[in-house]
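Me: I should like to understand on what grounds the contacts between protein and DNA are named as they are. Please set each value against its criterion.

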Number of protein chains: 2
Amino acid sequence: MSNLSVVELPVLNQPDEAVAPCCPPLNERPLSAEEAERTAKMFKALGDPVRLRLFSLVASHEGGEACVCDISDVGVSQPTVSHHLKKLKDAGLLSSERRGTWVYYRVEPSVLAAMGQLLTTAAR
Amino acid sequence: MSNLSVVELPVLNQPDEAVAPCCPPLNERPLSAEEAERTAKMFKALGDPVRLRLFSLVASHEGGEACVCDISDVGVSQPTVSHHLKKLKDAGLLSSERRGTWVYYRVEPSVLAAMGQLLTTAAR
DNA sequence: TGTCAATATTGACATCCATCGATACCGCCT
DNA sequence: AGGCGGTATCGATGGATGTCAATATTGACA
């Protein structure tokens, strides 16, 4: 075990079935059923207009972070906003943190980058 | 009706509100409701495991093109495969062409690239 | 401790959607 | 023309999902 710098684990640290190397580029080889299952979840999370707007609101907020109160004006009720934020979180695209009365959501850059590469690499 | 090659339309060329610049990067500014509506359709198209596999099968096939007969083995019935391919086509991610008995689907690289940039830019 | 504001959860409901079998359409071949 | 293989469409069905009102939870503050 020489100098394998054990590495600072990159932000997301679920032990197994984690997020970072979610899959090869879409044109490298056919996705297996399991890979497709995992990856489709992320795309599906962005596949709803309200969720996409919420995500964009968080991502475009300063510091890639926003309080729920800052982004709740998307034309649906408060429970619905909460429900969608939960789904984005479950998909691994957002993380949340409570600070006093407010809850802040922030984007998970590594996951996003992985999804992006899935597509841009496939686009050549 | 001579051989008036009426011009090879460059695949994506709609003057405005077309496909290519479907939206700003997700972190540049909040998406409008209409932008979100349009963009979510594409993500939703990739948000199903079977469709994602079909897409990957086409994308990873030589020339980014495949006959339906080449990619029909994803564990669902033939009508279901056809249905999913239609959805991918409607979302602008695939195009199709009949050649004799067979129908060939191919990836639409520009749309894919646009989606990729939506994400990779947002990931910084 | 009690109240209030912010967020999450629950339960109900309507709509959407993935799936299938049956069938129609389309080209090729004899 | 008729048959046949490949693909698309139709209609039905069960399950997933977006939405809301009502309610619970959480933390701040008087």
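Reply: The following exchange concerns a predicted model and takes its two DNA strands in turn.

Me: What makes a residue count as near DNA strand D, and which residues are closest?

Reply: The criterion is a heavy atom within 4 Å of the strand. DNA strand D is surrounded by 25 residues, the closest being S77(A), T80(A), H84(A), Q78(B) and Y105(B). Of the atoms of DNA strand D that come within 4 Å of the protein, 73% belong to sugar and phosphate.

Me: Why is the approach of R51(A) to DNA strand D called a polar contact?

Reply: A polar side-chain atom of R51(A) is 2.9 Å from a phosphate oxygen of DNA strand D. The limit for a pair of N or O atoms is 3.5 Å, and the pair therefore qualifies as a polar contact.

Me: How do you know that the backbone of S77(A) and of C69(B) also qualifies?

Reply: A polar backbone atom of S77(A) lies 2.7 Å from a phosphate oxygen of DNA strand D. For C69(B), a backbone N or O atom is 3.3 Å from a phosphate oxygen of that strand. Each pair is within 3.5 Å, so each is a polar contact. Two or more residues of the surface near DNA strand D come from each of α2 (49–60) and α4 (78–90) of chain A, and α3 (68–71), α4 (78–90) and β3 (102–107) of chain B. The largest share, 5 residues, is that of α4(A).

Me: What makes up the surface near DNA strand D by residue class?

Reply: There are 10 nonpolar, 9 polar and 6 charged residues in the surface near DNA strand D.

Me: Which residues come nearest to DNA strand C?

Reply: Around DNA strand C there are 24 residues, of which Q78(A), S82(A), Y105(A), S77(B) and H84(B) come nearest. Sugar and phosphate supply 72% of the atoms of DNA strand C that come within 4 Å of the protein.

Me: Why does Q78(A) count as making a polar contact with a base of DNA strand C?

Reply: An N or O atom in the side chain of Q78(A) lies 2.7 Å from a base nitrogen of DNA strand C. That pair is within 3.5 Å and is therefore a polar contact.

Me: How do you know that S77(B) and T80(B) make polar contacts with phosphate oxygens of DNA strand C?

Reply: The distance is 2.7 Å for a backbone N or O atom of S77(B), and 2.9 Å for a side-chain N or O atom of T80(B). Both values are within 3.5 Å, so both pairs are polar contacts. With 5 residues, α4(B) gives the most to the surface near DNA strand C.

Definitions and conventions:
Residues numbered from 1 in each chain as written. Chains lettered and ligands numbered in written order. Predicted model: local features only at pLDDT ≥ 70, side-chain atom pairs only at ≥ 80, totals over all residues. Heavy atoms only, no water. Polar contact = N/O pair within 3.5 Å; in protein donor to acceptor, adjacent residues only side chain to side chain. Helix = DSSP H or I, 4+ residues; strand = E, 2+ residues; numbered from the N terminus. Nonpolar A, V, L, I, M, F, W, Y, C, P; charged D, E, K, R; others polar.
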